[in-house]
Every structure is written in C-alpha cells, then in structure tokens.
Amino acid sequence: MEMTVPMIFNGSAEVEEGNMYPNIRLFTPNLVQTNTTLYDFESIMQPWSRASNVSLGGTTWSFFSAVCWLYGRELYKRLKYPIGLIASDWGGTPVEAWSSEDALKRCKTDGKQHIYGPQYRSVLWNGMIHPLINMTIYGVIWYQGEQNAMNGPASISNYFCTFTAMIHDWRVKFLIGTRAQTDPLFPFGFVQLAPWREGRNYTYGFPDIRWHQTADYGYVPNHHMKKVFMAVTMDLPDKTSPYTSIHPRNKEDVVHRLIMAGMVVAYGQRSSVPFQGPFPILYKYRRTYNTLHLIYDQQLENRALDGFEVCCSGGEKAACSINSTNWVAVPIMKMSSINWLVLDTSHCLSSTIVMALRYAWLETPCQFKKCAIYGKRNKLPAPPFYYAIKKIKTDMFQKFAI
C-alpha cells in the first residue's frame, strides 16, 4: 500500500492526470511507531491537499499511495461527488502492528516482540490509526500480509484470527470514536497477496496467508467477514520490478478488480456480471474412472491446464492437511465454458483415494494472467482454495461446503 504513484506502470501519466481531479483531497501522516496511544498525529507528511501533479508526485515511498489514489479516483468517476483519501501505511509490517491490544487478546497471541523495524504489537495502531478514530469514515482498503508470511509458522497460522479480529476491532473503535456516525459494518476491501518467488517448492507462507485473508472460505464476503471484498492478484507477477518482484508495479489491474467488488459490496450497486472470480459449488469424485468433476458458480474461461492438486490417502484425513507432503498435480482433462471441468486423478495409487483438493497453492501459481480458471464474462481469476472432502461418496455430486 505504501508504493507511490510515480513508482507504478504509467506513473508519470497518472501523476499529471491528478490535475483533473481537484475534488479529491489527499492526506498522508508520517511513519510513526509508538507504544503510547496517540490521540493526534505526531507529525504529518502531507497535509490535506487537492489532488494534483504535486500532491501525487512525492518521492519514492512517501506520497501518495498508488492503490489508494487509483481506487479513490475510480470511486470519484462513478459516484460524482468529492472524496477524501487518507493513506496511513508502512510497508513490510505485520498485521499485529496495526492491531490494538484488544484485538490481539481475542487471538491469544503470545506477545513475543520482534527486534527489527515497526514490528512490535500495536505500535502502528497507536501512532497511525488511533489518531483517526474520531473521524467519520466510509470504508477502508488494505494491502498487507507479506510480512506475516515471512514471520514464521505462528504468524502465518494466527493470521486466520488476527486479520478478522483487526477488522472487527477497527469497526468497533471507529463506531465508538465517532459516536455511531461511522457504519458499525463499514466496508473493508483488501488486496489478496500478489505473487513473489517462482518455483514448485514455494507452497507455504503466501498461499496460507491468501487463504486466511478470507477466513479460510476462499471468497468474501462470507459469514465471518461481512461487507468485506477483495481483489485476487496472484496472477499478476512483475519479475523485472526495480523494487523487487514482491512490489509489482501493475496497480491498474489490481484496482480494476478491487473496484468491481467494491461498487457491489461497499456501495450496493447492481452489476450484470459477477464481481468476483469463479468458485466451485459442487464436486463429484468418480474413483472408478479416476476423475474429479467440479461445477462452478459462473461461466468459465480456461487459460491453462495446470494449477489443481489432489491429496491421495488410504483414508486417513490427517494425511491430507493443507501443507502435507502427499499433494500431486492433476491436469484438467475436459472443460466447458458453461461452468464445469473434469480433473484427471489417475496419479493417485489404486490403494488410495482423493481426500482433499487445492488450487493455485503456490507463491507464484502462473505467469501474467495465465492461471487456469477465469470468469468468462468478468475476466477475473478464480481464487485459490483448499478443500478437505468430508464424506467420500463416489459418483454423486456433493456440495462444495467450506
């Protein structure tokens, strides 16, 4: 989120175009970490400013946030009224730093502190979010998770709780701080982790965080994450980024996907096409024929035959955990543009059965916009998922119920 407009593709043109949107206001606080809860910002990097080539054209990693700007600009084009954007961000930081102690207690985190950078519990909540809680806001967008993916197993597994707890806690704090002027379920949009390193060995960390970003549903909104929306970006690698590939420069596609979901979830606008990528709703395992059939919730577009994996076991469910070693790649045998596909499971030994299925479970699962499954009408990528088969009923369609 901290990546600024001049750093992205078409950055210079985007900066100059800022002069066309004087009804958008921008604000950027300074980077402040503190163990003390602040009620006002310690210092300000960019005071409230009209959008212009000056207010958008700060130095690298200063102002203004590219994703925040592009999203706000697209909102303005659609809504036709003035918008204020606050970019309170710090790259390379874990979710725990942006969470209050109240939120972290819900997840029973151990309180262990890291020894480098703004990595301490609650220090960015204290210094960069809490000063805002008396300001009425419409919603939040969020682009984070890489640091948690690199901070070890506890940080990765806890993200299921810490991310959802932070969203809930922010909503409560802003509701109280604004005396109920902020929606208790204000919209929260996030960018699912983009790709980084390539290789079949990178199956842990990034894929897990992507999954936990959805509270292990694979999609949002869901029962645990109401009025939450996302942009899937795992198919947008940028191998030649001068800021390393963990900082891809293609933010226009990111925001295009985020705004499609945001206009429906956050603003209640109807859309003639689905606002998210395809997700399976039914499956049928035909062990005799070594096939697994999937039916999706929308029409499909196929761009590759790989990306799916099954876990084969003699019947022990524990052997097919999300990061077990029994996963084997299975190709797509057949696919219909209507809404179904068939996977070849013949790689499973005859003495084993398919116990689990996962899709796009790699740090970088595909080349640029070349993952296997996209929506035919919206061109959005299908999100990654993991599914443990609960009851083995061969030759019968069953609900894909996570």
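This is a short tour of salt bridges, nonpolar cores and pockets, to follow in your viewer. Keep in mind as you go that the model is predicted.

**Stop 1: a buried pair between two helices**

Start by selecting Glu14 and Arg73, and show their side chains. They meet in a salt bridge, with 2.4 Å from N to O. Glu14 sits in helix 1 (residues 11–17) and Arg73 in helix 2 (residues 66–79), so this pair ties together parts of the chain 59 residues apart in sequence. Are these two residues buried or exposed? Both Glu14 and Arg73 are buried.

Now widen the selection to add Glu17, Glu74, Lys77 and Arg78. Together with Glu14 and Arg73, these residues are linked in a network of salt bridges. The structure as a whole holds 18 salt bridges, and two further ones come next.

**Stop 2: two more long-range pairs**

Select Lys239 and Glu198. Their closest N and O atoms are 3.5 Å apart, and the two residues form a salt bridge. Here the link runs from loop to loop: Lys239 is in the loop between strand 6 (228–231) and helix 8 (251–265), while Glu198 is in the loop between strand 5 (188–191) and helix 7 (206–213), 41 residues apart. Glu198 is partly exposed, at a relative accessible area of 40%.

Next, pick Glu301 and Lys379. This salt bridge has its closest N and O atoms 2.6 Å apart. Glu301 belongs to strand 9 (residues 300–302), and Lys379 to the loop between strand 15 (373–375) and strand 16 (385–388), so the pair connects distant parts of the chain, 78 residues apart. Lys379 counts as partly exposed, with 40% relative accessibility.

**Stop 3: the nonpolar cores**

Hide the charged side chains and turn to Phe188 and Phe308. These two have the most contacts inside the largest nonpolar core, which has 79 residues. Which helix gives the most to this core? Color helix 6 (residues 153–177): its contribution is seven residues.

Stay on Phe188 and show its surroundings. Beyond its neighbours within four places in sequence, Phe188 is in contact with Val140, Trp142, Phe163, Met166, Ile167, Trp170, Arg171, Lys227, Val228 and Phe229. Another core, of 38 residues, lies apart from the largest one; select Leu26, Phe63, Leu236 and Val265 to find some of its members.

**Stop 4: the largest pocket**

Switch on a surface and look for the largest pocket, with a volume of about 1,100 Å³. To reach its centre, select Met1, Cys68, Ile86, Val140 and Ile141, the closest to that point of the 49 residues in the lining. Val140 may look familiar, as it is one of the contacts of Phe188.

Which elements each supply at least two residues of this lining? They are helix 2, strand 3 (83–86), strand 4 (140–142), helix 5 (146–150) and helix 6. Helix 2 provides the largest share, five residues. Color the lining of the largest pocket by residue class and you will find 34 nonpolar, 11 polar and four charged residues.

**Stop 5: the second largest pocket**

Finish at the second largest pocket, with a volume of about 350 Å³. Select Arg106, Thr164, Ala165, His168 and His224, which are the closest to its centre of the 18 lining residues. Helix 6 gives the most to the lining of this pocket, with nine residues. By class, the lining of the second largest pocket divides into 11 nonpolar, four polar and three charged residues.

Key
Residues numbered from 1 in each chain as written. Predicted model: local features only at pLDDT ≥ 70, side-chain atom pairs only at ≥ 80, totals over all residues. Heavy atoms only, no water. Salt bridge = Lys/Arg side-chain N within 4 Å of Asp/Glu carboxyl O. Helix = DSSP H or I, 4+ residues; strand = E, 2+ residues; numbered from the N terminus. Buried < 20%, exposed > 50% of the residue type's maximum accessible area, 1.4 Å probe, protein only. Core = buried A, V, L, I, M, F, W, Y, C linked by side-chain atoms within 4.5 Å. Contact = heavy atoms within 4.5 Å. 1 Å grid on protein atoms, 1.4 Å probe; cavity = no way out; pocket = protein on both sides within 12 Å on 5 of 7 lines; lining within 4 Å. Points joined across faces, edges and corners; volume = space filled by probe spheres on them. Nonpolar A, V, L, I, M, F, W, Y, C, P; charged D, E, K, R; others polar.
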